[in-house]
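Me: Please show me how to read the surroundings of a bound ligand. I should like the general idea before each case.

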Amino acid sequence: MTQNFQETIQLGEHFASFMEKGDVYAFVGELASGKTTFIKGIMKGLNFDKPVTSPTFTLVNEYDAIYSIIHIDCYRENNPERWIKLGMNDYMDEKNIVIIEWADKLKSLLPVDTIHIQFRHKDITSREIFLLNNEYTCN
Ligand SMILES: Nc1ncnc2c1ncn2[C@@H]1O[C@H](COP(=O)(O)OP(=O)(O)O)[C@@H](O)[C@H]1O
Ligand SMILES: [Mg+2]
């Protein structure tokens, strides 16, 4: 639980130290629940000092930090076939880290080892941010 947006930035900064190349992150949560703010924190933690914004209209932002971070937003574009055409499978590569806002709209494209993080708007300045159990079962 974070009490204000600065705490969400700090949590993101801390989280960045656990991220590894090849990871895919699915960020799930309603509008203004803090997904982009958390990513700003991650990028701060990776010492990336250029602007970080939700690619709501551009769909994909690429940040060339100590890792290559692919920041995807599928709020407006939630058609899996269209995302395949946009190169989603090429982004999910061992050399990148992929972070997808509104990833619940694209479940069919997510690898089995995707790390799911849920964001919840609690009140004006507090947000609940937690790791979800992997929804997929392995046989
Ligand atoms: N604890 C908090 N964590 C993150 N954002 C917060 C918090 N409290 C208030 N906010 C505000 O909520 C909004 C979150 O927006 P954003 O991170 O873009 O959400 P999303 O990407 O989930 O739509 C921002 O305007 C931010 O200032
Ligand atoms: Mg956002």
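**Reading a ligand site**

Reply: An oxygen atom of ligand 1 is 3.2 Å from an N or O atom in the side chain of Glu 101. Such a polar contact is a pair of N or O atoms within 3.5 Å. The model is predicted, so local features need pLDDT of at least 70 and side-chain atom pairs pLDDT 80 or more, while totals for chains, interfaces and linings use all residues. Residues are numbered from 1 along each chain as its sequence is written, chains are lettered from A and ligands numbered from 1 in written order, and side-chain values use heavy atoms, without hydrogens and water.

Me: Which residues have an N or O atom 3.0 Å from a nitrogen atom of ligand 1?

Reply: Thr 2 does so through its side chain, and Thr 125 through a backbone N or O atom. Taken alone, ligand 1 exposes 570 Å² (Shrake-Rupley, 1.4 Å probe), and the protein buries 75% of that.

Me: How many residues surround ligand 1?

Reply: The shell (a heavy atom within 4 Å) holds 16 residues, with Thr 8, Ala 32, Lys 35, Thr 36 and Thr 37 the closest. It divides into four nonpolar, eight polar and four charged residues, Gly being counted as polar.

Me: What can be said of the space that ligand 1 takes?

Reply: Rolling a probe the size of a water molecule over the atoms shows where empty space is left. A pocket is an open set of points on a 1 Å grid where a 1.4 Å probe fits, with protein on both sides within 12 Å along at least five of seven lines; lining residues have an atom within 4 Å of a point. Ligand 1 takes the space of the largest pocket (more than half of its atoms within 2 Å of the grid points). Helices H1 (5-16) and H2 (35-45), DSSP runs of at least four residues, each give two or more residues to the ligand shell. H2 gives the most, three residues.

Me: How many residues line the largest pocket?

Reply: The lining has 21 residues, and Ala 32, Ser 33, Gly 34, Lys 35 and Thr 37 lie nearest the centre. The pocket holds about 250 Å³.

Technical notes. A polar contact is a pair of N or O atoms within 3.5 Å; within protein, one must be able to donate a hydrogen and the other to accept it, and residues adjacent in sequence count only if both atoms are side-chain atoms. Grid points are joined across faces, edges and corners, and a volume is the space filled by probe spheres set on the points.
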